Amino acid sequence: MTTTFWRQGLGMVAACLALQAHAEGQLAVGGPASDAGYLVGASVVSANGHIGSGVTRYDIKPLWAFQLGPFRVSRSRANSLLRAGREQLETGVSTELDVFSDWRLGASLRLDNGRSFDGDPEFQGLPDVRTTLRGRVSTGRSFGERWNWRVSLDHDLLDRGGGARLNTGVNYRYPVSRRTNLDFSVGGGWGDARYLRTLYGISPEAAQATGREPYRLGSGWENLRLGAHFETALSTHWVVFGGLDVSRVLGSTARSPLVGRLVTHGLGVGVAYRSK
């Protein structure tokens, strides 16, 4: 029933987007046509995760974004580099509606890559979390020129145990110069029982198969996150960016036997080219 509700909700969003073609001036979807363009780039990232042994990994991650009419398709934080101003935009396939004068409503689809313990000898044998498609709706508003608040709710549309998540956070942007900005953020994530049990729990069946103790948890706050990022426009087309993210699991998620590290980090730096 929950999945049906979300499918109906996304259908309503699509209907609103179609209606916009006949109600121009009431809703501005995805910004003006002058915002169209693309961005490609890559970053070098050092990061570890809460789940598993918590080994630090070093990766090169591509990022890209482009505009298709009112819709944006993007990966990672490419949206924030593609668009001028201080908007926080959705990743995945997304669009946004201007609601009243201060609020924005967003909708997006994005892949959740799931999880596998195949490369982790300590937890090998526990079931994988399957890749799924998540639908997200969000809203937020700015407070003055530097402060921004946003909240989003997403759900597993393929009913693969992903459940529902809620994320909220506040961002402060400090303009060092016309070309350089610093962003500082604090936020948190909440998950329903299905989401947290899939990610942090051990079912009785999995416990029996691996000789572990079962772990069952209900809904609650998943983590607290802090971030500090920068972006500098070297020219009209080239942008350098980077930053540090820190996450701390909370409550019953922190007590999960699958959690190998309570506090994790993601540190990265990269460069991107934008078409305009």
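**Salt bridges in the predicted model**

A search of the whole structure finds eight salt bridges, and I should say at the outset that what we are looking at is a predicted model. I would like to walk through three of these pairs this morning, taking each with its place in the chain and its burial.

Let me start with R134 and D112, which form a salt bridge whose closest N and O atoms are 3.8 Å apart. This pair links distant parts of the chain, since R134 sits in strand β6, residues 132-143, and D112 in strand β5, residues 103-112, with their positions 22 residues apart. R134 is buried, at a relative accessible area of 1%, whereas D112, at 24%, counts as partly exposed.

The second pair is R165 with D154, whose side chains meet in a salt bridge at 3.1 Å, N to O. Because R165 belongs to strand β8, residues 164-175, and D154 to strand β7, residues 147-156, the contact ties together parts that are 11 residues apart in sequence. Here R165 is buried with a relative accessible area of 16%, and D154 is buried as well, with a value of 0%.

These two pairs also belong to a wider arrangement, in that D112, R134, R136, D154 and R165 are linked in a network of salt bridges.

Finally, the side chains of R173 and E231 meet in a salt bridge at 3.6 Å, N to O. R173 is in strand β8 and E231 in strand β10, residues 220-233, so that distant parts of the chain, 58 residues apart, are linked by this pair. Both R173 and E231 are buried.

How values were computed:
Residues numbered from 1 in each chain as written. Predicted model: local features only at pLDDT ≥ 70, side-chain atom pairs only at ≥ 80, totals over all residues. Heavy atoms only, no water. Salt bridge = Lys/Arg side-chain N within 4 Å of Asp/Glu carboxyl O. Helix = DSSP H or I, 4+ residues; strand = E, 2+ residues; numbered from the N terminus. Buried < 20%, exposed > 50% of the residue type's maximum accessible area, 1.4 Å probe, protein only.
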